[in-house]
Amino acid sequence: MATRTAGPKAMSAPHLKTDITENLGRAMLRARTVEDKLASLYRAGRIVGGVYLGKGQEGLSAAGGVSLKQGDVFAPLIRDMAGRLAFGEPLIDAVRTYLGSRMGPMKGRDGNIHRGDLSRGILPMISHLGAMLSATVGVLFAKRMRGEKGGVGLTCVGDGATSTGSFHEGLNLAAVEKLPLVTVVADNGYAYSTPNQRQYACTDLLERAKGYGIEGHGLDGTDPELCLEVVGRAVQRARDGAGPQLVVGRLLRLCGHGEHDDGRYVDEKLRSSSRGRDCLVVMEEKMKGRGRGRDWEKWKEEAQREVEEVVAEVSAEPVPDPFEESWRATVTEGATEALPEE
Ligand SMILES: Cc1ncc(C[n+]2csc(CCOP(=O)(O)OP(=O)(O)O)c2C)c(N)n1
Ligand SMILES: [Mg+2]
């Protein structure tokens, strides 16, 4: 049955262990810093594909990555740089993919956000529109059939994805089979430029949990520590055998759909409401309020240094050469050592 685990006002900020706060804060800062840099590189014409950012959604995304353990499966979407970093994806993988480096996880074939690393439990993204929910359910099913126990699968979707067939089929099957699936919905009020009220007729996406017969948790997605508490609890519930969990975080994306879009269709009233808060500012203020402003500044400086170093390193790396290589998806001629053994 769907349970609202209390609205944002009713929940106090969780008491978190220092290292978890640090993991959360660093992932958010590293994501924001590298994405700001990627946006600049895009405008400078250095990136061939589109650039999609998670600005404003870093807290919710990082909460997912921080709550998972090794052996779990994570299926991030285009706004989940923070979750990827929190789950352990090296920052250089993102930069190499965007800059088309031959040394990246997609060997220069992708151009933005479809990278993955199965050895780390990160599924390569197929589509932003719910496809990863079905893929995650498939992986969890396969693990069960192999007798592997204890692993959780977490996938992220947007509000728009919740109206797709893939979302429905995946969540329905996960509910029937009681799979350890956590679906984190970043309800940013829009699917590209389409507002919520033109996407579905229910008033709150949390209602969907009731329809599938699973547990649901709603929260203010602009408060990173609250995200950590609620997503962390949902992951634990799934791990403990309580079946699929639906988490709905309300927030806004503080950027366009991609860097080719300025997002001017976002309602000004929403922007100036608490839903339009910047989660990084919320986190910074909390840190300062606890006398940890210096830590925050240190993490920020370290993130800036890391991003500058990584971008400089990747800028010097080779890109694939279509005149010398057969243009296959992820493996090039002469690089067959990267092929899995058959
Ligand atoms: C099947 C399909 N239809 C359309 C698109 C184009 N598209 C990509 S993201 C997107 C909007 C997604 O909205 P939402 O799920 O709310 O995520 P958000 O972008 O807000 O994070 C659309 C229409 C697509 N990738 N796949
Ligand atoms: Mg959306």
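Leaving aside its neighbours within four places in sequence, P244 touches quite a list of residues in this predicted model: L171, A174, A175, L179, L181, T183, I214 and A238 are all in contact with it. P244 itself sits in a loop, the one that links α8 (224–239) to β7. Loop or not, P244 counts as buried, because it has 31 C-beta neighbours inside 10 Å, and 20 or more are enough for that label. Another residue to look at here is E177: it is 67 residues away from P244 along the chain, yet the two C-alpha atoms are separated by 9.1 Å.

Step past that loop and you arrive at β7, which covers residues 245–250. How many of the residues of β7 are buried? Six of its six are, so to speak a strand that is mostly covered. The cover is found on both faces: Q245, V247 and G249 are buried on one side, while L246, V248 and R250 are buried on the other.

Which strands does β7 pair with? One is β3 (residues 181–187), which runs parallel to β7 and is joined to it by six bridges. Within this pairing, V184 has V247 as its bridge partner in β7, and A186 has G249. The other is β6, again parallel to β7 and again joined by six bridges. Here L219 is bridged to G249 of β7. To get from β6 to β7 the chain passes through α8, making a β-α-β crossover that is right-handed.

Now zoom out to the sheet. It is an open one, built from five strands with parallel pairing, and reading across it gives β1-β2-β3-β7-β6. At the edges are β1 (73–75) and β6 (215–220), each of which pairs on one side only. From one strand to the next, the twist averages 15°. A helix, α5 (residues 131–145), lies across β1, β2 (153–158) and β3, and it runs at about 170° to β2. Counting everything in the chain, there are 11 helices and seven strands.

What about the nonpolar core? Nonpolar side chains tend to be buried together in soluble globular proteins. In this chain the largest nonpolar core has 88 residues, and those touching the most other members are A27, M28, V182, V184, V231 and V247. Two of these names, V184 and V247, have come up already as bridge partners. Another of them, V231, is in contact with A63, G64, S67, V184 and V247, once its neighbours within four places in sequence are set aside.

Finally, the chain as a whole. Buried residues make up 47% of its 342 residues. If you take the contacts with a separation of 6 or more, 74% of them are between residues 24 or more positions apart. The C-alpha trace spans about 60 × 50 × 40 Å along its principal axes. Why does the radius of gyration fit a compact globule? For 342 residues such a globule would have a value near 20 Å, and the chain has 20 Å, so the two agree.

Terms used:
Residues numbered from 1 in each chain as written. Chains lettered and ligands numbered in written order. Predicted model: local features only at pLDDT ≥ 70, side-chain atom pairs only at ≥ 80, totals over all residues. Core = buried A, V, L, I, M, F, W, Y, C linked by C-beta atoms within 7 Å. Buried ≥ 20, exposed ≤ 12 C-beta atoms within 10 Å, placed from the backbone. Contact = placed C-beta atoms within 7 Å. Pairing = 2+ DSSP bridges. Helix = DSSP H or I, 4+ residues; strand = E, 2+ residues; numbered from the N terminus. Axes fitted to C-alpha atoms, helices over the stretch in contact; angles between N-to-C directions. Rg over C-alpha atoms; globule rule 2.2 N^0.38 Å. Right-handed = clockwise from strand over helix to strand, strands pointing away.
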